[in-house]
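Let's take a walk through a protein chain together, one stop at a time. Keep the structure open while you read, and find each residue as it comes up.

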Amino acid sequence: MQPQGAVAWEAADEPTIEAPEPIERPVMLQRWDDLTFLHWPYAPGTVAELLPPGLRVDTIGGVAWVGVVPFRLSIRAPGTPAVPWAGRFAEVNVRTYVRGPDGRRGIWFLSLDAARLGGVLLARHTYRIPYVWARTTVERRGSQVRYRSRRRWPGPRGASLALRVRLGDRLDARDLNDLERFLICRWRLYSPGPATLPARGVPLLATQVEHPPWPLRRAAVESLHERLVAATGLPWPIGPPLTHASPGVAVRFGTKSQVHDPDAPSRGFA
């Protein structure tokens, strides 16, 4: 199922290694460190069953992809320092790639396991995305990185990750092939908006992010015990994952905006 080499893009919104939109007044600043990207191919129809109305699966070569991305997160508001006990923790997200009602490419999170309960509750309230509380750690020793995560609340029990990777050669972002850019160069996330009355479905919000081009490395999986993907309702991933790693980037988040079709007006949300 994995496409090789160059493929024709399915729309003009081609992923780029540099952020397409500068965020002049960020509402949130984050730092993502010691990331590993694991990706598996899936049938588009299988992934589509987990998406809300208004989103459709983004594919390359007719294939959908699901990623598991563990990393270390630091978060703060502009002009304030990060609070170590609340603003720095390990996270693992399970994600897929979508097109919004506006036709643009983005990320849809299927789950996000994080080690700080306060951060989980805040993110669930602010972005309405499926953060869950987990015992999650990241340990780096030389060229080896270990990730561990075991879900605590709200479940399901047994949702976990144990991963050990060996970092390899550096990879220039300019040398990424079409598939790698499709998976890694994403600058937009979609999330549920607040419910409105009278109820006509839950609106979707889009958040644009900005960061430098990814510093990347090849990576080899030395051991993997993964039970987070199946916890989302997807079938178990098949075969070894496509793997990349990054030491990290500083990220600026823009204001959330409601999205409809390209001709509909949008409004900002705090």
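**A walk along the chain**

Let's start on a strand: arginine 150 lies in strand E7. Before you zoom in any further, keep in mind that this is a predicted model. Arginine 150 has a relative accessibility of 47%. That value is not over the 50% needed for exposed and not under the 20% needed for buried, so arginine 150 counts as partly exposed. Arginine 150 also has company, since Arg135, Arg150, Arg152 and Arg227 form a positive surface patch.

Now zoom out for a moment. The chain has 270 residues, and 50% of them count as buried. Four helices and 14 strands make up its list of helices and strands. The accessible surface comes to about 13,000 Å², with 54% of that belonging to carbon and sulfur atoms. How many of the contacts between residues at least 6 apart in sequence join residues at least 24 apart? The share is 70%.

For one residue's view of this, go to valine 229. You'll find valine 229 in the loop between strand E11 (216–226) and strand E12 (242–253). Is valine 229 buried or exposed? Its relative accessibility is 0%, so valine 229 counts as buried. Who is around it? Setting aside neighbours within four places in sequence, valine 229 is in contact with Tyr42, Val66, Val68, Val94, Leu234, Pro235 and Pro237. Try serine 160 as well: 69 residues separate serine 160 from valine 229 in sequence, while their C-alpha atoms are 9.3 Å apart in space.

Next come a few backbone oddities. As a rule, most peptide bonds are trans, and most residues other than glycine have a negative phi. Follow strand E7 (144–153) to its end and look at the loop between this strand and strand E8 (160–171), where proline 154 sits. The peptide bond from tryptophan 153 to proline 154 is cis, with omega near 5 degrees. Proline 156 is in the loop between E7 and E8 too. The bond leading into proline 156 from glycine 155 is also cis, again with omega near 5 degrees.

The other kind of oddity is in strand E1 (residues 28–42), where aspartate 34 is found. Which sign does phi of aspartate 34 have? Phi is near 50 degrees, a positive value in a residue other than glycine. Aspartate 34 has a relative accessible area of 11%, so it is buried.

Conventions:
Residues are numbered from 1 along each chain as its sequence is written. This is a predicted model: local features need pLDDT of at least 70, side-chain atom pairs count only at pLDDT 80 or more; totals for chains, interfaces and linings use all residues. Side-chain values use heavy atoms; hydrogens and water are left out. Helices (H or I, at least four residues) and strands (E, at least two) are DSSP runs, numbered from the N terminus. Buried means under 20% relative accessible area, exposed over 50%, partly exposed in between (1.4 Å probe, protein chains only). Contact means heavy atoms within 4.5 Å. Accessible areas come from the Shrake-Rupley method with a 1.4 Å probe; for residues, only the protein chains shown count as cover. Patches are made of residues with over 30% relative accessible area and no salt bridge: like charges are joined within 9 Å, nonpolar side chains (Val, Leu, Ile, Met, Phe, Trp, Tyr) within 5 Å. A salt bridge is a side-chain nitrogen of Lys or Arg within 4 Å of a carboxyl oxygen of Asp or Glu. Lys and Arg count as positive and Asp and Glu as negative; His and the chain ends are not counted. The place of a charge is taken as NZ of Lys, CZ of Arg, CG of Asp or CD of Glu.
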